[in-house]
Protein chains: 2
Amino acid sequence: MRAAFHEDLEAVFTDLADICDSVEQAVAIATTALLQADAGLAEQVISGDARIDAAREAVEERCFELLTLQAPVAGDLRVVVAALRMVSDLERMGDLSVHVAKIARLRVPNIAVPEGARATISRMAEVAEAMVTRTARIIRGRDVTEASALAIDDEEMDRLRRSNFAEMLGDEWSYGIEAAVDIALLGRYYERIADHAVSVANRVVYVVTGEKPHLADA
Amino acid sequence: MRAAFHEDLEAVFTDLADICDSVEQAVAIATTALLQADAGLAEQVISGDARIDAAREAVEERCFELLTLQAPVAGDLRVVVAALRMVSDLERMGDLSVHVAKIARLRVPNIAVPEGARATISRMAEVAEAMVTRTARIIRGRDVTEASALAIDDEEMDRLRRSNFAEMLGDEWSYGIEAAVDIALLGRYYERIADHAVSVANRVVYVVTGEKPHLADA
């Protein structure tokens, strides 16, 4: 019974890592769509989100089966509930990539990101994508050390967000209101992707260091 | 066993409704802080959020106890998991109220919302608050009819968001970049409060009817 449970749980974590890979792809493609004003790539992210949603449902069903058939208690129960939350975070990160893609699509053939914000937004996108990649590795390897590195990425994201505001509110901003509104929202979306990545990683830390530490090598 | 389970579950729903009341207060006070540039009220929302977070944790603990002691299956299991998700949504609504309060505080002694956006932002705030009030009633009464009324509120929110963009991007916008950035983010925060309210209500529909709701995730 215990062995079967841990095998099933392992399968759930593999699924979570796979979804995280899909999210990373979505973030990367949405960013390319944004910076190159590529409507085709934007559409790809928007229509591709249904696959992430379906994968989320599959994980949820697996978790419900685990809860029903194995009725785990204590630490094991909390791990399954943590997995349910992780998949919500991941799905939401997919939605946020769709939001980025929609802003890209709205401004085609123009590029939504003006020159004066390009460096900051590009870097925010890079950091967000790297955080998602790292999160997939954290899920796969249950690597608590790597989770703490994510906090450093997140601090860079906070600094970038502040730079981003400073650019828009500085005297040199010559791109008007529309670009500022787009950039404010894009900054918010990348920041939220980063927040959710941290949230997923924190749940892995909890799973590894919490009441059932043997799960680390499960 | 069954009777005890349903009694405990009832207590969880009462707690959820109480948290929803606190969220409604947070939204209302944050809005007053915003429209009157009242730093004291803004602080009240920001520091008061810890109470909502604590209430969320208490509900989570109750749910874990329910899962552990009663090991519910099938529908009952799904109701407990739905409750866990509802409390996440509610906590997030509290966080979004804090975001509103922080923009209010940042601009004191000025009012963050300029005349040209005041009517729309006020109405968005009213609709969001009304949706939270309605959601508390839906949780308390398990009233599926009222949940469908929430969809109509949500449509008004979508229209307001569009008006809000039109105002900022119209020729008459004379309030500059900073105000536009604030308004874009405020609009987003109220819209997200509405989304989470719909999400909570959909979960109540699911609990009552067993039908999996189509979540409005924006």
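**Exercise 1. Place Asp89(A) and its partner.**

Asp89(A) is buried, at 8% relative accessibility. Buried means under 20% relative accessible area, exposed over 50%, and partly exposed in between (1.4 Å probe, protein chains only). This is a predicted model: local features need pLDDT of at least 70, side-chain atom pairs count only at pLDDT 80 or more, and totals for chains, interfaces and linings use all residues. Residues are numbered from 1 along each chain as its sequence is written, chains are lettered from A in the order in which they are written, and side-chain values use heavy atoms, without hydrogens and water.

Task: find which residue forms a salt bridge with Asp89(A), and in which helix each partner lies.

Step 1. Apply the rule: a side-chain nitrogen of Lys or Arg within 4 Å of a carboxyl oxygen of Asp or Glu.
Step 2. The partner is Arg203(A), with the closest N and O atoms 3.5 Å apart.
Step 3. Asp89(A) lies in helix α3 (residues 74–107) of chain A and Arg203(A) in helix α6 (residues 176–209), so the pair ties together parts that are 114 residues apart in sequence. Helices here are DSSP runs (H or I, at least four residues), numbered from the N terminus.

**Exercise 2. Examine two more salt bridges in chain A.**

Task: say how Arg123(A) and Glu126(A) are placed in their helix, then turn to Glu146(A).

Step 1. Arg123(A) and Glu126(A) form a salt bridge, with closest N and O atoms 2.6 Å apart.
Step 2. Both lie in helix α4 (residues 115–141) of chain A, three residues apart, about one turn of the helix.
Step 3. Arg123(A) is partly exposed at 32%, and Glu126(A) is partly exposed at 44%.
Step 4. Glu146(A) forms a salt bridge with Arg137(A), again with a closest N and O distance of 2.6 Å. Glu146(A) is buried at 14%; Arg137(A) is partly exposed at 45%.
Step 5. Salt bridges that share partners join Arg56(A), Glu60(A), Glu91(A) and Arg85(B) into one network.

**Exercise 3. Follow Glu60(A) to the other chain.**

Task: list what Glu60(A) touches beyond its neighbours in sequence.

Step 1. Glu60(A) lies in helix α2 (residues 39–70) of chain A. Glu60(A) is buried, at 3% relative accessibility.
Step 2. Leaving aside neighbours within four places in sequence, Glu60(A) is in contact (heavy atoms within 4.5 Å) with Leu84(A), Val87(A), Arg85(B) and Lys212(B).

**Exercise 4. Describe the interface.**

Task: state how many residues meet and how many salt bridges there are between chain B and chain A.

Step 1. 35 residues of chain B are in contact with 35 residues of chain A.
Step 2. The count between chain B and chain A is four salt bridges. In one of them, Glu61(B) pairs with Arg78(A), the closest N and O atoms being 3.0 Å apart.
Step 3. The charged end of Arg78(A) also sits over the ring of Phe64(B), 4.1 Å from its centre. The rule asks for NZ of Lys or CZ of Arg within 6 Å of the ring centre and within 35 degrees of the ring normal.
Step 4. Likewise, the charged end of Arg78(B) sits over the ring of Phe64(A), 4.1 Å from its centre.
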